[in-house]
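Biologist: Before we discuss this chain, please put the sequence and the model up side by side. I will ask, and you can reason from the coordinates.

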Amino acid sequence: MMIRSELESAPTPGSRQAVALVLLLVGLLGVAGCLGRSPTVRLFTLGTLAPLETESRAPNMAVLVGPVRLPAYLERPQIARLKRFGEIRLDEFTRWVGGFEKNLIRAVEGGVRNQLGSDRVVGYPSGAPFPFDRQIRIHVDEMIVDAENNLRTRNRSPLVAPGQEAAASSTMT
């Protein structure tokens, strides 16, 4: 019968270093795996048109742009793409900066401001200190990038006096 002493079963300084080295290598491999390249996210914002070359501007007109009504698939940061057979795919790596609704209001507001030559064009909701002459309500029925990368939209955007109901109209581009 053989009895081991406590000194024989204690780890040696060399074995401690070996364990530490193995743990360090495992940790480095784990970190290296996390350093892989992620796909690039492409960010988009809507722009405005250049001012019209015309004398028929309305620099004193006050316009409220909004509210906006959107289909559920546009109430998110990802851009929706139309696939075969009517399938809609949300593109995780192609996104709107700041959300689509804010982008749309800001773009329409800037475009109307440019066309009218007025600094009294504001987005909804507004705390403007002046009354509005007109309001642009925006109802987007459809807005999809198709398989050929064409943007398809169908929307209704009546220009009405504040508080007035608008006749239904629709535009498809």
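What follows is a set of questions and answers on a predicted model.

Biologist: In what order do helices and strands come along the protein chain?

Modeller: The protein chain has three helices and nine strands. Read along the sequence, these elements give the pattern α-α-β-β-β-β-α-β-β-β-β-β.

Biologist: What percentage of the contacts between residues at least 6 apart in sequence join residues at least 24 apart?

Modeller: A contact here needs heavy atoms within 4.5 Å. Among the contacts in the protein chain between residues at least 6 apart in sequence, the share that joins residues at least 24 apart is 60%.

Biologist: What share of the exposed area of the protein chain do carbon and sulfur atoms supply?

Modeller: Buried residues make up 28% of the 173 residues in the protein chain. The chain exposes about 12,300 Å², and the share of this area from carbon and sulfur atoms is 59%.

Biologist: Which element gives the largest share of the largest nonpolar core?

Modeller: The largest nonpolar core has 22 residues, and V63, V65, L74, F100, I138 and V140 are those with the most contacts inside it. Two or more residues each come from β2 (63-69), β3 (78-82), α3 (100-116) and β6 (134-145). The largest share is six residues, and the element that gives them is β6.

Biologist: Is V140 buried or exposed?

Modeller: V140 lies in strand β6. Leaving out residues up to four places away in sequence, V140 touches R69, L70, P71, L74, L104, R154 and N155. The C-alpha atoms of V140 and S157 are 8.2 Å apart, with their positions 17 residues apart in sequence. The relative accessibility of V140 is 5%, so V140 counts as buried.

Biologist: Which residues does I138 touch, not counting those up to four places away in sequence?

Modeller: I138 is among the residues with the most contacts inside the largest nonpolar core. With residues up to four places away in sequence left out, those it touches are V65, P67, V68, R69, L104, V108, R156 and S157.

Biologist: Why is R69 classed as exposed, and what is the value?

Modeller: R69 is found in strand β2. Setting aside neighbours within four places in sequence, R69 is in contact with I138, H139 and V140. The C-alpha atoms of R69 and R137 are separated by 8.5 Å, although these residues are 68 residues apart along the chain. Exposed means over 50% relative accessible area, and R69 is exposed because its value is 56%.

Biologist: What distance separates the end C-alpha atoms of α3, given 1.5 Å a residue?

Modeller: α3 has 17 residues, and at 1.5 Å a residue they should span 24 Å. The expected span agrees with the separation of the end C-alpha atoms, which is 24 Å.

Biologist: Against which elements do the buried residues of α3 pack?

Modeller: The buried residues of α3 include F100, L104, I105, V112 and L116. Polar and charged names also appear in that list, including N103, E109 and Q115. The elements that the buried residues of α3 pack against are β1 (42-44), β2, β4 (88-96), β5 (121-123) and β6.

Biologist: Which residue with a positive phi follows α3?

Modeller: Most residues other than glycine have a negative phi. After α3, the phi is positive, near 75 degrees, and the residue is G117.

Biologist: Which aromatic pair is edge-to-face?

Modeller: The count comes to two aromatic pairs. W96 and F100 form a tilted pair, 5.0 Å centre to centre with 55 degrees between the planes. In the other case the ring centres are 5.7 Å apart and the planes are at 70 degrees, so the edge-to-face pair is F130 and F132.

Biologist: The charged end of which residue sits over the ring of F130?

Modeller: The charged end in question lies 4.7 Å from the centre of the F130 ring. It belongs to R120.

Biologist: Where is P125, which a cis peptide bond joins to Y124?

Modeller: A cis peptide bond joins G66 and P67, with omega about 10 degrees, and P67 is in strand β2. Another cis peptide bond joins Y124 and P125, with omega about -5 degrees. The place of P125 is the loop between β5 and β6.

Key
Residues numbered from 1 in each chain as written. Predicted model: local features only at pLDDT ≥ 70, side-chain atom pairs only at ≥ 80, totals over all residues. Heavy atoms only, no water. Core = buried A, V, L, I, M, F, W, Y, C linked by side-chain atoms within 4.5 Å. Buried < 20%, exposed > 50% of the residue type's maximum accessible area, 1.4 Å probe, protein only. Helix = DSSP H or I, 4+ residues; strand = E, 2+ residues; numbered from the N terminus. Phe/Tyr/Trp six-rings, centres within 6.5 Å; stacked < 30°, edge-to-face > 60°. Lys NZ or Arg CZ within 6 Å of the ring centre and 35° of its normal. Expected span 1.5 Å × (residues − 1). Areas by Shrake-Rupley, 256 points an atom, 1.4 Å probe, with all protein chains shown as cover.
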